Amino acid sequence: MPEPASAQATRIETHGIDVIGDDERHGRARDLFGVWAAPNVSYLSLVVGGALVVLGLSLWQALGVILLGNLFWVLVGLISVSGPAAGTPSSVITRTMYGVRGNRALVTFNGSLISVCYVALSLSAASVTAFSLCSRFGLELDTVGKTLVIVGVAAVTLAISVYGHAAIIKLYMPLAAVLAVVFAVLAFFVLGNADWGHRPPQELQGVDLWAALAAGLAMVASAPLSYSTSADFARYLPRTAKPSAIVGWTAAGAYLPSVLCTALGAIAATTLDMSDPQTALTSLLPGWFSPVFLIAMILGAIANNALIIYSSGLALQAIGIRVRRSRSVLFYGTVSVLLTMYALLVSNFLDTVSRMLQLMVAVLAPIMAIYVVDLLLRRNRYDGHALSDLGSGSPFWYRGGVNWAGFAALVVGAAFAVEFLAVPGVHIGFLAGLVSGIDLSLPVGLIVSGAIYALAMRSSTQGVK
């Protein structure tokens, strides 16, 4: 049987949020391993790992948080099974949770605003690394030079996103293998310099320890919680693909590199000043390997950003704007480039965005919880064609186009989560103060939103069939 056009990496993907027909379904669940492995062999994981030790955790406490926090990738794997069931992306499937009209507001916020901020952060990190690479080769960049570098890194990212799903499937497994080799070499030098008995100068105890553990868990979990779009990359799989295999390959592809890379950052922090991870790590490396390491960091950021921008392009269509997926990708890419240039060349915008994303866990956790509960209630029975019906006769019109059960669960869950936030210098919630400043926004956001949505949909006359 000839390979369908949708499986050819050299062709620009023509599908957007429309339903993928059975004749264009292709691939195997194990293809998802590379999709999620490549973006998680990353510099940002090293940064998070180092930050856990900076929080005051011992090495073994930090490693425990890393193992536990990355288990949230299982939720990413779970919601990815809705892709083959519906044949549509996550930004369409969530119409079941928020209604035809209500979903537009959710997608605008989560699929657009938050995604662009994440891309700006990651693109900024990749660009700064590229600046350092140029400097190592004796090329000192002025403002014009830095602008060209930012645009160049973004151009590679956008090319992958524009070519789309098949290009991502074909490229990411070999890219993950290359990045794994680079990180293995990096690990050799880091592990040889590690202090396995490292403890902070003042060991945390009692409430202070629990506060640091909770903050660290939220930091680690924020990455998987941000990927409530995993159905986008599984929707081309045949309907016969085993859900357990989809969950397993997706979760394993993200979990293993995330754990290893974040742990490597924590181990490095036992002897290095990880407030500037790039400089600290390259000081351990031989001259021949430092440029290789920097290039790998750039490639990892590109892989991560290409996934986010790809999903953002689909989100723009789901909002209701009639535009080709390739053009919507270019739109979000351009916005991200402008934000990155502003961040690196004009102001301290990056600091503002970083703090905002810390607060976003209070919203990302409820969004993920509602998606998971909806999938379990419906037993993954999603009809892509019914989801594509935008009229008042749609089964997902609910009341005035809004599923108030979904919005009530999201708003109430997020409100409780915000009041349990404890981000020093940014926000200490009232309820967090009652528990001695321990940040419980992550578990509270998940549990409250999930419980409210489950109860509301079960009791609703328009609930799950």
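A nonpolar core, as used in these legends, is a set of buried Ala, Val, Leu, Ile, Met, Phe, Trp, Tyr and Cys residues joined through side-chain atoms within 4.5 Å. All the views below come from a predicted model.

**View 1. The largest nonpolar core of the chain holds 142 residues.** Look for W36, L186, L225 and F293, the residues with the most contacts inside this core. Helix 14, spanning residues 290-319, gives the most to this core, with 18 residues.

**View 2. The surroundings of W36 take in residues from several parts of the sequence.** With neighbours within four places in sequence set aside, W36 touches two aromatic residues named here as W73 and Y227, along with F233. Its other contacts are V76, S230, T250, G253, A254 and L307.

**View 3. The fold combines 20 helices with two strands.** Of the contacts between residues at least 6 apart in sequence, 84% join residues at least 24 apart. Buried residues account for 58% of the 465 in the chain.

**View 4. The overall dimensions agree with those of a compact globule.** Because a compact globule of 465 residues would have a radius of gyration near 23 Å, the 22 Å of this chain agrees with that expectation. Along the principal axes, the C-alpha atoms fill a box of roughly 65 × 55 × 40 Å.

**View 5. The surface and its charges round off the set.** About 19200 Å² of the chain is exposed, and carbon and sulfur atoms supply 66% of that area. There are 25 positive and 21 negative side chains, and the centres of these two sets lie 12 Å apart.

Methods. Residues are numbered from 1 along each chain as its sequence is written. This is a predicted model: local features need pLDDT of at least 70, side-chain atom pairs count only at pLDDT 80 or more; totals for chains, interfaces and linings use all residues. Side-chain values use heavy atoms; hydrogens and water are left out. Helices (H or I, at least four residues) and strands (E, at least two) are DSSP runs, numbered from the N terminus. The radius of gyration is taken over C-alpha atoms; the globule rule is 2.2 Å times the number of residues to the power 0.38. Buried means under 20% relative accessible area, exposed over 50%, partly exposed in between (1.4 Å probe, protein chains only). Contact means heavy atoms within 4.5 Å. Accessible areas come from the Shrake-Rupley method with a 1.4 Å probe; for residues, only the protein chains shown count as cover. Lys and Arg count as positive and Asp and Glu as negative; His and the chain ends are not counted. The place of a charge is taken as NZ of Lys, CZ of Arg, CG of Asp or CD of Glu.
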